[in-house]
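Here are some notes for a colleague who has not looked at this structure before. Please read them with the sequence and the model side by side.

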Amino acid sequence: MNQRNLRSARLSAVACALGLAFAANNAAAQSSEVANAAVKACAVSGSVTVTVLGLNTTLPLPCTGQAQQTVAGSDENSALGVDLGLLGLVNVIKLDAVHQRADYTHLTGATALDGFSEAAGLSLVQNLVTAQGLRGSLACDSLSGDTRLRCQASSTIADVRVAGGNVITIPSPIPRDFTVPVGGSLRLTVLGLPIEVPVGGALTLNHAVAIGAGTRNVTVQHQPAALTLGGSVSVGGLGLVGVRVEAVASPSTITVNANRPVTAVTID
């Protein structure tokens, strides 16, 4: 079954459950609840902060490998790999064979918004976390006559290891906000000096959040794999040297500007 038929089947099921009318054809008439919308899928996002001599320097990890759609249609992006470093910290994120897709679909009386991103291999922050087969999917639907936005978010990942240890058992399906503790040290170069900084934090899988329910402007974000680490060490001549990393792999974001307030957002 192709993507259009899958979306039609999904919307038909929702409409049936709600007792609403829905016709699955190719007419360019979206849900009357939606004024406009956007779908964005990334390979990587996040930020790195380094503290030296009491000063914090923060640089973002921009949405890399972006696929984005703001009108009806599809956008895709693929690359053999992504390797990012910032602020003297090498190998913040390394991804193998990434693919992102954004779909914005008009169907009579309905709008389907889908973000998808995957990476064949994953290495976060100098191999403190490694994994294979990361996939994230976020899908939101709007039907005419229903002021609720209905979304589904899911993640899959395999062979997760922390600091080169044994494979960690990850439940399937992955529950929302499944957390794995992470600790170790990072190699940081500051003013030409190599420094080892002990860090601690967590890898959070399948995080999803909706912002703006009750208003006309709603944002739904999905983070299949998000690593947050921080730590510091005292260094002669430099004082306290600290580092904080927030690295997200394969995130998707859906925004909806509605014609009337969105009364609720559900994420299954």
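1. Which residues is V245 in contact with, leaving aside its neighbours within four places in sequence? The model is a predicted one. In it, V245 is in contact with S47, V48, L89, V92 and V125, and also with L186, L227, T228 and L229.

2. V245 belongs to the largest nonpolar core, which has 46 residues. V245 is listed among the residues with the most contacts inside this core, together with L95, I157, L203 and V243. A second core, separate from that one, has 20 residues, including V39, C151, V256 and V262.

3. On the chain as a whole: the protein chain has 268 residues, and buried residues make up 44% of them. The chain holds 1 helix and 15 strands. Of the contacts with a separation of 6 or more, 65% are between residues 24 or more positions apart. The accessible surface is about 11,700 Å², and carbon and sulfur atoms account for 53% of that.

4. One open sheet has 6 strands in the order β5-β6-β7-β8-β9-β15, and its pairing is mixed. The edges are β5 (73-86) and β15 (264-267); each has a single partner strand, so one side of each is left without a neighbour in the sheet. On average, neighbouring strands of this sheet are turned by 15° against each other, direction ignored.

5. Is strand β7 mostly covered or mostly uncovered? Strand β7 spans residues 110-124, and 12 of its 15 residues are buried, which leaves the strand mostly covered.

6. On one side, β7 is joined to β6 (residues 89-107) by 14 bridges, and the two strands run antiparallel. Within this pair, K94 has S123 of β7 as its bridge partner. The hairpin of β6 and β7 has 2 residues between the strands, and G109 there takes a positive phi near 75°.

7. β7 also pairs with β8, again in the antiparallel sense, over 14 bridges. The bridge partner of L124 in β8 is V129. The hairpin formed by β7 and β8 has 4 residues between the strands, and V125 in the turn has a positive phi of about 50°. V125 is also one of the residues in contact with V245.

8. Strand β8 (residues 129-143) is joined in turn to β9 (residues 148-162) by 10 bridges, and these strands run antiparallel. Here A139 stands opposite Q152 in β9.

Methods:
Residues numbered from 1 in each chain as written. Predicted model: local features only at pLDDT ≥ 70, side-chain atom pairs only at ≥ 80, totals over all residues. Heavy atoms only, no water. Core = buried A, V, L, I, M, F, W, Y, C linked by side-chain atoms within 4.5 Å. Buried < 20%, exposed > 50% of the residue type's maximum accessible area, 1.4 Å probe, protein only. Contact = heavy atoms within 4.5 Å. Areas by Shrake-Rupley, 256 points an atom, 1.4 Å probe, with all protein chains shown as cover. Pairing = 2+ DSSP bridges. Axes fitted to C-alpha atoms, helices over the stretch in contact; angles between N-to-C directions.
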